[in-house]
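Biologist: I have a protein chain and a ligand to look at. Can you take me through the model, one point at a time?

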Amino acid sequence: MKRLHIRPYPFLILPLAIVMLNCYSQQTDQSTIDRKVKAFLDAHSRQWYDMNVPASDGQLLHDLIVKNNYTEALEIGTSTGHSGIWMAWALSKTGGKLTTIELDESRYREALENFKEAGVDHIIDARLANAHDLVPQLKGPFDFVFSDADKGWYRNYFLAVDPKLKVGGCYTTHNVSARGGRGGNSDYLEFLQGLGNYETNVDSNGGGMAISFKKSEK
Ligand SMILES: C[S@@+](CC[C@H](N)C(=O)[O-])C[C@H]1O[C@@H](n2cnc3c(N)ncnc32)[C@H](O)[C@@H]1O
């Protein structure tokens with residue numbers, strides 16, 4: 001009678017072990033980032049004095065990125081990096097990168113220190129530049145944008161980024177009020193809501209966030 005030999009497949013064991021080790025080390029990397037970012041945000045929760053977003057808006061940006069698996073993000077207006085840290089944290093989970101632009105050198109330098117201390121500096125390309133010049137020069141493409149610099153330039157930023165924003169992507173703008181009025185950038189909101197290829201809603205839980213999803217190219 002023929003004996004059945006069940007052989008181990010040594011050539012399969014090694015690749016399997018490598019894949020398992022890789023998964024384990026990726027999980028540990030992510031939990032290290034999670035721990036570091038949470039500790040940083042907790043320790044600094046009352047120390048954001050440079051026109052930074054409230055934590056609820058940081059959480060909103062984070063959740064939009066994670067939920068939609070965005071990976072190519074742009075921020076206009078870094079300040080000292082509060083929103084940048086929330087977005088970079090989300091991008092650490094999706095495997096993405098953030099480009100962020102700031103004009104003021106001392107805020108830019110403080111942001112660099114904060115990014116490092118929060119453990120997300122490897123995810124962020126921070127630029128010291130005038131966004132009026134740099135935004136039109138950026139190649140893109142992007143799938144997520146947070147516009148939070150000079151409000152008078154909001155429409156110009158949008159027009160410069162729109163051709164580089166992927167369909168399905170999201171363009172968010174801070175300090176936009178659904179109720180309009182002074183400081184609510186109501187003309188800009190009207191402009192966004194008039195675009196046929198975007199769907200724009202406002203989240204009013206924090207500082208007012210216009211959230212515009214790009215539905216088609218034109
Ligand atoms: C509201 S703060 C940004 C807050 C930041 N997003 C946060 O939540 O941490 C606006 C920032 O935009 C910067 N800014 C204004 N005009 C700019 C320009 N033309 N180019 C680049 N940055 C600009 C200001 O210096 C300021 O630091």
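Biologist: Which residues come nearest to the ligand?

Modeller: Keep in mind that this is a predicted model. The ligand has 20 residues around it. Of these, the nearest are Gly-77, Ser-79, His-82, Ser-83 and Ala-131.

Biologist: Which elements give two or more residues to that shell?

Modeller: Two helices and a strand qualify. They are α3 (82-94), β2 (97-102) and α5 (131-137).

Biologist: How many residues of the shell are nonpolar, polar and charged?

Modeller: The shell around the ligand mixes these classes. Its residues divide into five charged, six nonpolar and nine polar.

Biologist: Where do the buried residues of α6 lie on the helix?

Modeller: Helix α6 covers residues 154-161. Tyr-154, Tyr-157, Phe-158 and Val-161 are buried there. Viewed down the axis of α6, the buried residues fall within an arc of 100°, so they line one face of the helix.

Biologist: What do the buried residues of α6 pack against?

Modeller: Both helices and strands take part. The helices are α5 and α7 (186-193). The strands are β1 (72-76), β4 (142-147) and β5 (165-174).

Biologist: In what pattern do the helices and strands follow along the sequence?

Modeller: The protein chain has seven helices and seven strands. Read along the sequence, the pattern opens with two helices and ends on two strands. In full: α-α-β-α-β-α-β-α-β-α-β-α-β-β.

Biologist: What share of the protein chain counts as buried?

Modeller: A residue is buried if 20 or more other C-beta atoms lie within 10 Å of its own. The protein chain has 218 residues. The buried share is 36%.

Methods
Residues are numbered from 1 along each chain as its sequence is written. This is a predicted model: local features need pLDDT of at least 70, side-chain atom pairs count only at pLDDT 80 or more; totals for chains, interfaces and linings use all residues. A residue is near a molecule or strand if its C-beta atom, placed from the backbone, lies within 6 Å of it. Helices (H or I, at least four residues) and strands (E, at least two) are DSSP runs, numbered from the N terminus. Ala, Val, Leu, Ile, Met, Phe, Trp, Tyr, Cys and Pro count as nonpolar, Asp, Glu, Lys and Arg as charged, and the others, Gly among them, as polar. A residue is buried if 20 or more other C-beta atoms lie within 10 Å of its own, exposed if 12 or fewer, and partly exposed in between; C-beta atoms are placed from the backbone. The arc is that of the directions from the helix axis to the C-beta atoms. Two residues are in contact if their C-beta atoms, placed from the backbone, lie within 7 Å.
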